[in-house]
Amino acid sequence: MNHRRSDLRPTRPGFGRVRGSQQLGSLIKAPFALLVCLASFQLAHSSAVSRELLAWDGLSNPNKFPPYYCDTRPKGSPFYLRPSYTVVEDRVVCLDVKTRQPEIESICNDMDFYKLEIEVNPKCTLGIKYVHVNGVLTTLPAFETFGPQNSRALIKCPNINLDINNASDAQICLTLSENCPSMNELCPSGVTQYSFEDEVKTTTMNGNKVYTFTFKVSDPIDTDNSCAFTDLYKAEFWTSRACQKRTVVNAYINGIKVTPMWDARTGVWRVAQLNMNNITAAGATVGLELDATSNCPTLRSLCNRMGGKCVYSLFNKKRDCCPVGENLYSLTSGYDR
């Protein structure tokens with residue numbers, strides 16, 4: 001991918017900290033949500049509160065993430081991750097840390113930020129090679145399995161060593177491994193049941209190419225999450241800003257023509273009124289017909305904002321669940337390259 005590089009100052013394996021909002025604006029940004037990769041903040045081992053929490057047997061709650069008895073309510077923590085990540089270069093993504101006033105009383109109200117744990121695809125045993133905090137290399141991450149028959153996995157990133165005084169706008173950068181080179185491959189199936197199959201079917205209609213995405217329905221990774229068994233109402237595709245209003249001339253839901261919606265402000269094409277559930281969505285399709293005379297007549301050009309990868313988000317009707325995924329078909333199929 002031809003990501004634009006900012007003026008990064010090299011440190012040890014990896015890169016320097018990305019400084020300033022202007023530099024961040026020059027980088028390619030992609031959606032990142034904890035709906036896709038579940039993350040957990042943990043206290044420093046040296047604190048008394050940490051000893052109290054760690055006194056519980058971590059295996060007592062083996063089927064949840066994180067697999068320990070601790071307070072996992074986000075509103076009780078002073079820390080959170082900004083809901084987007086910055087792609088600095090191939091296999092390097094950066095997360096911004098933010099602080100806030102806790103909204104509920106919790107043992108975590110006065111916590112520090114010692115360790116970040118991320119639930120990952122079990123195949124990503126070396127999914128994260130290096131971790132940098134504000135450009136400084138930290139302790140190498142560790143892979144661990146948990147859950148029934150060790151079917152789930154997490155990666156521990158210790159020695160983050162932030163507190164309420166220095167955490168706001170701090171940056172955690174992850175160098176991903178060759179076997180799991182993107183967040184889409186690093187993270188397990190989402191909290192919701194819905195995603196698109198890898199293959200996209202290509203046909204021609206009225207001289208235009210029609211690209212048809214097929215839904216698949218999987219078991220959610222966190223059945224207690226409110227988004228685990230929700231409905232499927234809308235699909236959004238994050239596209240190149242060069243793909244203006246006339247690019248997608250028609251959309252199709254299970255072969256039935258509908259009118260797509262273009263948001264020029266965000267560069268997003270929307271196909272709404274899917275009105276599906278976990279039964280009717282399996283094998284259902286959404287098609288995009290691209291105008292052959294437009295700036296973006298092919299899937300690769302439509303998705304050029306992310307180097308040819310199609311980034312999409314699927315919404316429920318209440319719009320409080322919006323898992324993000326990537327489809328690499330336009331890069332791997334050899335079609336319309």
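Two strands are taken to pair here if DSSP finds at least two bridges between them. On that basis, in this predicted model, strand β15 (residues 248–253) has two partners to look at. One is β19 (residues 285–290), which is joined to β15 by 5 bridges and runs antiparallel to it. The other is β16 (residues 256–258), also antiparallel, with 3 bridges to β15. Ile-253 turns up on both sides of the story: its bridge partner in β19 is Val-286, while in β16 it is Ile-256. The β15–β16 connection is a hairpin with 2 residues between the strands, and there Asn-254 takes a positive phi near 55°. As for how β15 sits in the fold, 5 of its 6 residues are buried, so the strand is largely enclosed by the rest of the structure.

Next come the aromatic rings. Searching the whole structure turns up 7 aromatic pairs. One of them is Phe-213 with Phe-237, a tilted pair with 5.1 Å from centre to centre and 45° between the planes. This pair ties together distant parts of the chain, since Phe-213 belongs to strand β13 (residues 208–217) and Phe-237 to strand β14 (residues 234–238), 24 residues apart. Both of these phenylalanines are buried. Trp-262 and Trp-269 make another pair: their ring centres are 5.1 Å apart and their planes meet at 40°, so this one counts as tilted too. Trp-269 has a relative accessibility of just 2%, and since buried means under 20%, Trp-269 falls in that class.

Phe-213 and Phe-237 also have further company. Ring pairs link them with Phe-196, Phe-215 and Tyr-312 into a cluster. Strand β14, which holds Phe-237, spans residues 234–238, and Lys-234 lies over the face of Phe-315, at 4.5 Å from the ring centre.

Finally, there is Ser-177, which sits in the loop between β10 (171–176) and α3 (183–186). Loop or not, Ser-177 is buried, because its relative accessible area is 3% and the cut-off for buried is under 20%. What does its side chain do in there? The side chains of Ser-177 and Asn-179 are joined by a polar contact of 2.3 Å. Leaving aside residues up to four places away in sequence, Ser-177 touches Arg-91, Leu-126, Gly-127 and Lys-129.

Note on methods: Residues are numbered from 1 along each chain as its sequence is written. This is a predicted model: local features need pLDDT of at least 70, side-chain atom pairs count only at pLDDT 80 or more; totals for chains, interfaces and linings use all residues. Side-chain values use heavy atoms; hydrogens and water are left out. Helices (H or I, at least four residues) and strands (E, at least two) are DSSP runs, numbered from the N terminus. Buried means under 20% relative accessible area, exposed over 50%, partly exposed in between (1.4 Å probe, protein chains only). A polar contact is a pair of N or O atoms within 3.5 Å; within protein, one must be able to donate a hydrogen and the other to accept it, and residues adjacent in sequence count only if both atoms are side-chain atoms. Contact means heavy atoms within 4.5 Å. Rings of Phe, Tyr and Trp (its six-membered ring) pair if their centres lie within 6.5 Å; planes under 30 degrees apart count as stacked, over 60 as edge-to-face and the rest as tilted. A charge sits over a ring if NZ of Lys or CZ of Arg is within 6 Å of the ring centre and within 35 degrees of the ring normal.
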